[in-house]
Amino acid sequence: MAKDKQIIKRTKLEIAKSPEGLEGPGFFATKLEDVIGLARANSLWPLPFATSCCGIEFMATMASDYDLARFGSERLSFSPRQADMLMVMGTIAKKMGPILRQVYEQMAEPKWVLSVGACASSGGIFDTYSVLQGIDRIIPVDVYVPGCPPRPEQILEGVMKIQELAKNESLRRRNSDEYKKLLNSYGIE
Ligand code: SF4
């Protein structure tokens, strides 16, 4: 019974706050950018690129105790074209690098990348000839989650950080010179 109460307390739902705006009796006005940001942030579709143990933590994050669905992200996509949050979890061998990059390139804009765990972020303990020493050598990363493995709470925090980025991103960012320069630095057109 006590455990049930604990779970109910932990899974208490919060309603997404409306963006800043002008309001009065019967009306509410805000910026289009803020509404789109709110919608994007609360409906991120993850593409789980899970290769090893960190992927198991992700499974726990999806399960009922941690319940990623609370953040609008229960709809996993294994098709890059229907995903906007690439979650890379696990050791990425150098041979896998081109595949990961292809998946990233196939995702439509706007897209965000979450690097989960030490291996994806830096190669982790595998400082060897065959392991990529961080996925940011081949694709841009938005948020890094530390840990070996990170706990589901940490993965959730990483997702929440991506939500913040999505919510506050300018609609023009993806067409900006700065963003094009970032992609060009990775050899992506
Ligand atoms: S960071 Fe640790 S737990 Fe995650 S994939 Fe690497 S070795 Fe496994």
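Let's start with how helices α2 and α6 cross: the crossing is right-handed, a label used when the near helix is turned clockwise from the far one by less than a right angle, with left-handed for anticlockwise. Helices here are DSSP runs of H or I with at least four residues, strands are E runs of at least two, and both are numbered from the N terminus. Helix α2 covers residues 32–41, and its axis lies 7 Å from that of α6 at an angle of about 155 degrees. The axes are lines fitted to C-alpha atoms, for helices over the stretch in contact, and the angles run from 0 to 180 degrees between N-to-C directions. That angle makes α2 roughly antiparallel to α6. For the wording, over 145 degrees is roughly antiparallel, under 35 roughly parallel, 65 to 115 roughly perpendicular, and the rest oblique.

Before going on, a word on the source. This is a predicted model, where local features need pLDDT of at least 70, side-chain atom pairs count only at pLDDT 80 or more, and totals for chains, interfaces and linings use all residues. Residues are numbered from 1 along each chain as its sequence is written.

Back to that helix pair. The contact is made by G37, L38, R40 and A41 of α2 with Q163, A166, K167 and N168 of α6; contact means that the C-beta atoms, placed from the backbone, lie within 7 Å. By class, these residues come to three nonpolar, three polar and two charged. Nonpolar covers Ala, Val, Leu, Ile, Met, Phe, Trp, Tyr, Cys and Pro, charged covers Asp, Glu, Lys and Arg, and the others, Gly among them, are polar.

Helix α6, residues 152–168, also meets α3, residues 53–62: their axes come within 9 Å and cross at roughly 80 degrees. These two are therefore roughly perpendicular to each other. Here E57, F58, A60 and T61 come from α3, while P152, I155 and L156 come from α6. That contact has five nonpolar residues, one polar and one charged.

Now let's step back to the whole chain. How many helices and strands does the chain have? There are seven helices and six strands, and along the sequence they follow α-β-β-α-β-α-β-α-β-α-β-α-α. The C-alpha atoms fill a box of roughly 65 × 55 × 25 Å along the principal axes. Of the 189 residues, 28% count as buried, meaning 20 or more other C-beta atoms within 10 Å of the residue's own, against 12 or fewer for exposed and anything in between for partly exposed, again with C-beta atoms placed from the backbone. Among contacts between residues at least 6 apart in sequence, 78% join residues at least 24 apart.

For a buried example, take L114 in strand β5, residues 112–116. L114 counts as buried because it has 23 C-beta neighbours inside 10 Å. Setting aside residues up to four places away in sequence, L114 touches M85, M87, D142, V143, V145, G158, V159 and I162. At the other end of the scale, helix α7, residues 177–185, is hardly covered, with zero buried residues among its nine. After α7 comes G187, whose phi is positive, near 75 degrees.

On to the ligand. Which residues are around the ligand? They are S52, C53, C54, G90, T91, G117, A118, C119, G124, C148 and P149, each with its C-beta atom, placed from the backbone, within 6 Å of it. Two elements, α3 and α5 (117–122), give two or more residues to this shell, and α5 gives the most, with three. The shell has six nonpolar residues, five polar and no charged ones.

Two of those shell residues, C148 and P149, are joined by a cis peptide bond, with omega about -10 degrees. P149 sits in the loop between β6 (143–145) and α6. A second cis bond runs from E109 to P110, with omega near -5 degrees, and P110 is in the loop between α4 (97–106) and β5. Most peptide bonds are trans, and most residues other than glycine have a negative phi. On that second point, look at D67: its phi is positive, near 55 degrees. D67 lies in the loop between α3 and β4 (85–89), and counts as partly exposed because it has 16 C-beta neighbours inside 10 Å.

How values were computed
Contact = placed C-beta atoms within 7 Å.
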